[in-house]
Amino acid sequence: MADAEPLRVLYVEDDPLLPPAMARATKSLRLAIDLIIARSYVEGIARLSEPFDALLVDRCLGPGPDGLAFLKLARALRIRVPAVLFTGFTDIGIEDEVDKL
């Protein structure tokens, strides 16, 4: 039986410490994930023309548009893959915004 193709996941994160840690975690858990890292909103948007199986996006992306704006634009571009918006901060009410996507 052939191995399944790895899932292509676009990971949009501006913190330079988190993407390498996520890559190590997926590798150590032997997850079949091809983690494509974008280090800013702009870099992430530029990669949306590529095929992805999922989006993993930080809520706070430094100065400029945030992760929620990123997901709204992705949906406006008709990108309908599963998406996870995460944050290390308390963000009361964000669930309602994400549910609308």
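**Exercise 1. Work out the order of strands and helices along the protein chain of this predicted model.**

Start by walking along the sequence and noting each element as it comes up: the pattern reads β-α-β-α-β-α-β-α. Next, tally the elements, which gives 4 helices and 4 strands. Then look at how the contacts are spread. Taking contacts between residues at least 6 apart in sequence, 72% join residues at least 24 apart.

**Exercise 2. Find what share of the 101 residues is buried, and describe the accessible surface of the chain.**

First, the inside: buried residues account for 30% of the 101 residues. Now the outside: the accessible surface of the protein chain is about 6600 Å². Split that area by atom type, and carbon and sulfur atoms hold 60% of it.

**Exercise 3. Take apart the largest nonpolar core: which residues touch the most other members, and which elements supply it?**

Step one is the membership. This core has 15 residues, and the ones touching the most other members are Leu-10, Val-12, Leu-48, Leu-55, Val-57, Phe-70 and Ile-79. Step two is to map the core onto the elements: β1 (7–12), β2, β3 (54–58) and α3 each give two or more residues. Of the elements, α3 gives the most, with 3 residues.

Step three is to check for a second cluster. There is another core apart from this one, made of 5 residues, including Tyr-11, Leu-35, Ala-54 and Leu-56.

**Exercise 4. List the contacts of Val-57, leaving aside its neighbours within four places in sequence.**

Begin with Val-57 itself, one of the residues that touch the most other members of the largest core. Go through its partners in sequence order: Val-12 comes up, then Gly-67, Phe-70 and Leu-71, and finally Val-84, Leu-85 and Phe-86. Two of these names, Val-12 and Phe-70, also turn up in the list of residues touching the most other core members.

**Exercise 5. Two arginines, Arg-30 and Arg-78, have a positive phi. Say where each one sits, and whether Arg-30 and Arg-78 are buried or exposed.**

Recall the background: most residues other than glycine have a negative phi.

Take Arg-30 to begin with. Its phi is about 55 degrees, and it belongs to the loop between α1 (18–28) and β2 (33–38). The cut-off for exposed is over 50%, so Arg-30, at 78% relative accessibility, counts as exposed.

Now do Arg-78. Here phi is about 65 degrees, and the residue lies in the loop between α3 (67–76) and β4 (83–86). Arg-78 has 67% relative accessibility, so it counts as exposed.

Notes. Residues are numbered from 1 along each chain as its sequence is written. This is a predicted model: local features need pLDDT of at least 70, side-chain atom pairs count only at pLDDT 80 or more; totals for chains, interfaces and linings use all residues. Side-chain values use heavy atoms; hydrogens and water are left out. Buried means under 20% relative accessible area, exposed over 50%, partly exposed in between (1.4 Å probe, protein chains only). Contact means heavy atoms within 4.5 Å. Accessible areas come from the Shrake-Rupley method with a 1.4 Å probe; for residues, only the protein chains shown count as cover. A nonpolar core is a set of buried Ala, Val, Leu, Ile, Met, Phe, Trp, Tyr and Cys residues joined through side-chain atoms within 4.5 Å.
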